[in-house]
Amino acid sequence: MYNVDSYGVMKKDIQGMLNEFDEARSWLESFGINVAPARFQKYRKIIEGKYFKDNNKEVSDEDVLWALTELHDLLEIHRYLGSADRNQIKESLKYVNSGPALLADEKNDGGTIHGRNFSFELYTAARVIRAGIAAEFVTDADINFKVKEADVLVECKRIGSERNMEQLISKAFDQINKRCSNEKDTFGLVAISISKLIWRAKDDLGQGNYADIETMQRNFSAFAHEFSNNLRIFYEDKTPICVGMIFHYKVPFLRKENGFPAFINRFSYVPFTKHSIRHKQISLSMSEALSSSVYKNG
């Protein structure tokens, strides 16, 4: 399987991913979480059915692509948070395995969204840790960490549709204002996942599941550039307490040349630097850390 990061490509063996899942499953079970009946175990079954069983015709391309993509969330969470303070993460981990296995069966609100919401929070922390920044869960914010000796409080939101995008982002800024306004050298950061939004657009456009990596990188690079500019235009003046925004998405597809699964995996930082030198210092440090930790080609 190919994991196409912002700038590079990582190759992963599918059997290796399943082995990693078994390790992650044991880790979740050590928290008292019953993995067997829930969505991550179902992903394992879907992937096995496609690649290692005789019933691969029963598994749709769409199902196996999203199973691999969402299983990757758990593997990254386990890899980078496996040694985290158990008391800090145990409440969030209780929910990550909940919700419907298929994204199509998830509602836009209510209990069905909690599993992926908490997965995104923990995945965001994992990606920050991968960049060499020590993320924690010791404030009222979803995540907190230090950059250039400043405290950064992160509010994470998964965008389910264009209709709730503005509402959720505005809520995140309100939370940042509440948590940061009276704290010295404390800043906010909004992280949003737009994977479901892109999935809905892909479904509405009737696009197929096959593509080539170079075309996908080129097309989504252009999209990310435009999306970054729009976030900066609309939200940079929302509050001077915020140093920027992060947007993340995963887009799975099958490679045209051989049918192997792959997905675009982007985690982009949009700095808000006009407010002060301090904003620029923090944003430069974050940008350098995230950029230096993307996958390389190979």
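What is the volume of the second largest cavity? This predicted model gives a value of about 30 Å³, and the legends below start from there.

**Figure 1. The second largest cavity and its lining.** Welcome to the first close-up. The residues around this cavity are Trp66, Ser195, Ile198, Trp199, Lys202, Lys250, Val251 and Pro252. Helix 7 and strand 7 are the elements that each give two or more residues to this lining. Helix 7 has the largest share, with four residues. Sorted by class, the lining holds five nonpolar residues, one polar and two charged.

**Figure 2. The largest cavity, with about 200 Å³ of space.** Fifteen may sound like a crowd, but the names to look for are few: of the 15 lining residues, Glu70, Asp73, Arg158, Ser193 and Ser195 come closest to the centre. Helix 3 (61-81), helix 5 (114-130), helix 7 (195-205) and strand 7 (242-255) each contribute two or more residues to the lining. The classes here are six charged, five polar and four nonpolar. A search of the whole structure turns up two cavities of 30 Å³ or more.

**Figure 3. A salt bridge between Lys250 and Asp73.** Two residues from the cavity views meet here: Lys250 is part of the lining of the second largest cavity, and Asp73 is among the residues closest to the centre of the largest one. Their closest N and O atoms are 2.3 Å apart. Lys250 belongs to strand 7 and Asp73 to helix 3, so this pair ties together parts that lie 177 residues apart in sequence. Buried or exposed, which are Lys250 and Asp73? Both are buried.

**Figure 4. Two further salt bridges and a network.** Side chains of opposite charge can pair when their charged atoms come close. One pair to find is Lys12 and Glu20, with 3.2 Å from N to O. Lys12 is buried, because its relative accessible area is 18%, under the 20% limit. Glu20, at 30%, counts as partly exposed. The other pair is Asp185 and Arg278, with 3.0 Å from N to O. Asp185 sits in the loop between helix 6 and strand 5 (186-193) and Arg278 in helix 9 (residues 277-292), so the contact ties together parts 93 residues apart in sequence. Asp185 is partly exposed at 29% relative accessible area, and Arg278 is partly exposed at 22%. Elsewhere, Arg39, Glu70, Glu106, Arg116, Arg158 and Lys196 are joined into one network by salt bridges that share partners. The count of salt bridges comes to 18.

**Figure 5. The largest pocket, about 540 Å³ in volume.** This view turns from cavities to a pocket. Its lining has 21 residues, and Ser161, Glu162, Met165, Leu197 and Phe227 lie nearest its centre. Helix 6, helix 7 and helix 8 (213-235) each supply at least two of the lining residues. By class, 11 are nonpolar, seven are charged and three are polar.

**Figure 6. Helix 6, residues 162-180.** This helix has 19 residues and reaches 28 Å from its first C-alpha to its last, close to the expected 27 Å. Which residues of helix 6 are buried? Among them are Asn164, Met165, Leu168, Ile169, Phe173 and Cys180. Met165 is a name to recognise from the pocket view, where it is one of the residues nearest the centre.

**Figure 7. Aromatic rings in pairs and in a cluster.** A pair of aromatic rings is described by the distance of the centres and the angle of the planes. The whole structure contains 10 aromatic pairs. Phe40 and Tyr43 form an edge-to-face pair, with 5.7 Å from centre to centre and 80° between the planes. Both lie in helix 2 (residues 39-51), three residues apart, or about one turn of the helix. Phe40 is buried at 1% relative accessible area, and Tyr43 is likewise buried at 1%. Phe173 and Tyr235 are stacked instead, with 5.7 Å between centres and 20° between planes. This pair links distant parts of the chain, since Phe173 is in helix 6 and Tyr235 in helix 8, 62 residues apart. Both Phe173 and Tyr235 are buried. To finish, look for the aromatic cluster formed by Phe220, Phe223, Phe227, Phe247 and Tyr249.

Note on methods
Residues are numbered from 1 along each chain as its sequence is written. This is a predicted model: local features need pLDDT of at least 70, side-chain atom pairs count only at pLDDT 80 or more; totals for chains, interfaces and linings use all residues. Side-chain values use heavy atoms; hydrogens and water are left out. The expected span of a helix is 1.5 Å times one less than its number of residues. Buried means under 20% relative accessible area, exposed over 50%, partly exposed in between (1.4 Å probe, protein chains only). On a 1 Å grid over the protein atoms alone, a cavity is a set of points where a 1.4 Å probe fits but cannot get out, and a pocket is an open set with protein on both sides within 12 Å along at least five of seven lines; lining residues have an atom within 4 Å of a point. Grid points are joined across faces, edges and corners, and a volume is the space filled by probe spheres set on the points. Ala, Val, Leu, Ile, Met, Phe, Trp, Tyr, Cys and Pro count as nonpolar, Asp, Glu, Lys and Arg as charged, and the others, Gly among them, as polar. A salt bridge is a side-chain nitrogen of Lys or Arg within 4 Å of a carboxyl oxygen of Asp or Glu. Rings of Phe, Tyr and Trp (its six-membered ring) pair if their centres lie within 6.5 Å; planes under 30 degrees apart count as stacked, over 60 as edge-to-face and the rest as tilted.
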